[in-house]
Amino acid sequence: MVVIPADDLRELVIRIFLAAGADEDNAYTLAEHLVLANLSGVDTHGVWHVARYVDDIRKGYILPRARPAFVQEGLNSAQITGNWTFGQVAACFAMETAIEKAKSHEIAIVGLVQSHHIGRLGHYTEMAAAGGLISIVWAGGFGEEEPVAVPYGGCERILHTNPIAMGFPGGDGPSMAFDFATTAMSGVKVINAQRRSKALPPGCIVDREGNPSTDPNDFYEGGGQVPFGGHKGYALMMAVEFLGRIFNRTDAFADPNRAGPIMRYQGVCMVVFKADLFQPFSEYARRADEMVQRTRAVSPAPGFEEVLVPGDPEVRTRNARQREGVPIQDDIWQSILGAADALGIQDVPRSG
């Protein structure tokens, strides 16, 4: 394990992607997103992806200087193409568009197609909450070529991790937010468990015959991830697929030479609306803060020290890591150093 100051890590990521062909704006946006994911404790969506993105640029899956653009646009709606640039760049543009339209027309819906991996969905709900807006983000379509998840009651892969995020602005307190895959575990955690020869928690995968398993090798030998929460998580997983891929008609935009088999059918749906649509924002904020405070005041159950609300762990981790530095697993750090070395980047710190 190494520990790297956030500013140093951000600068290194910018240097890597500039060397890989990105322009300054795209490299900065990408680095901000990846490092903020690590700062927030969502390490699976942070710099873990640096080497992978560099490799995808080399393959032509990512066009590192491309810019998103409008496919079609209405007063409170838009469909945007990422033009196969970094997903974070495209998704930030999509959310900025949704925020602008929601502020002008009370509610907005924006679809995103033709982009690479968009990273931590909570990043975009935080953007909306900072502007006093409520938001929902759905991302689907990843399983068209390489499905990883079985449907509830099934033993054949057909779906994917299909994440969803929601964000709600607060008043005096921070926004309330959540961001999670609709599988019981993120795909990166399954990959890491297999790489590090560690067992998975129960209830995350099944083997090829549909039997529960904790051995990550069973996933790679024909098994599959399972929806969280049984049939209820499965229903959400399907809803994400409808809103992400089917609603966005991503099949019409797929390019066999771009984004790779998991991302080329990706579709993202963002719904953003004013928190003060039915009352003054001061009233909304007062009620929001009161609900959060009342929830935190609940006596903890045995085995728990306190009751948190969604978003609390990320805020606390972010504050701690800003002070103490970002911890990075050794294998991930070595992959970042390998990417830097392959691009000829000099004067890279070898350890934290």
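Visitor: How many degrees may separate two helix axes that still count as roughly parallel?

Guide: Angles under 35 degrees count as roughly parallel. In this structure, which is a predicted model, the axes of helix α1 (residues 6-19) and helix α3 (residues 50-59) come within 10 Å and cross at roughly 10°, and α1 and α3 are therefore roughly parallel to each other.

Visitor: In which hand does α1 pass α3, and which residues make the contact?

Guide: The crossing of α1 past α3 is right-handed. On the α1 side the contact is made by V13, I16 and F17, while α3 contributes V50, Y53, V54 and I57. Sorted by character, the residues of this contact comprise 7 nonpolar, no polar and no charged.

Visitor: Turning to the backbone, what is the phi of W84, and is W84 buried or exposed?

Guide: Here the sign of phi is the thing to read, and W84, a residue other than glycine, has a positive value near 65°. W84 sits in the loop between β3 (77-81) and α4 (87-105). Buried means under 20% relative accessible area, and W84, with a relative accessible area of 7%, is therefore buried.

Visitor: And what is the phi of S197, and is S197 buried or exposed?

Guide: S197 is likewise a residue other than glycine with a positive phi, in this case near 55°, and its place is in the loop between α6 (187-195) and β8 (205-206). Exposed means over 50% relative accessible area, so S197, with a relative accessible area of 69%, is exposed.

How values were computed: Residues are numbered from 1 along each chain as its sequence is written. This is a predicted model: local features need pLDDT of at least 70, side-chain atom pairs count only at pLDDT 80 or more; totals for chains, interfaces and linings use all residues. Side-chain values use heavy atoms; hydrogens and water are left out. Axes are lines fitted to C-alpha atoms, for helices over the stretch in contact, and angles run from 0 to 180 degrees between N-to-C directions. Helices (H or I, at least four residues) and strands (E, at least two) are DSSP runs, numbered from the N terminus. Angles under 35 degrees count as roughly parallel, over 145 as roughly antiparallel, 65 to 115 as roughly perpendicular and the rest as oblique. A crossing is left-handed if the near helix is turned anticlockwise from the far one by less than a right angle, and right-handed if clockwise. Contact means heavy atoms within 4.5 Å. Ala, Val, Leu, Ile, Met, Phe, Trp, Tyr, Cys and Pro count as nonpolar, Asp, Glu, Lys and Arg as charged, and the others, Gly among them, as polar. Buried means under 20% relative accessible area, exposed over 50%, partly exposed in between (1.4 Å probe, protein chains only).
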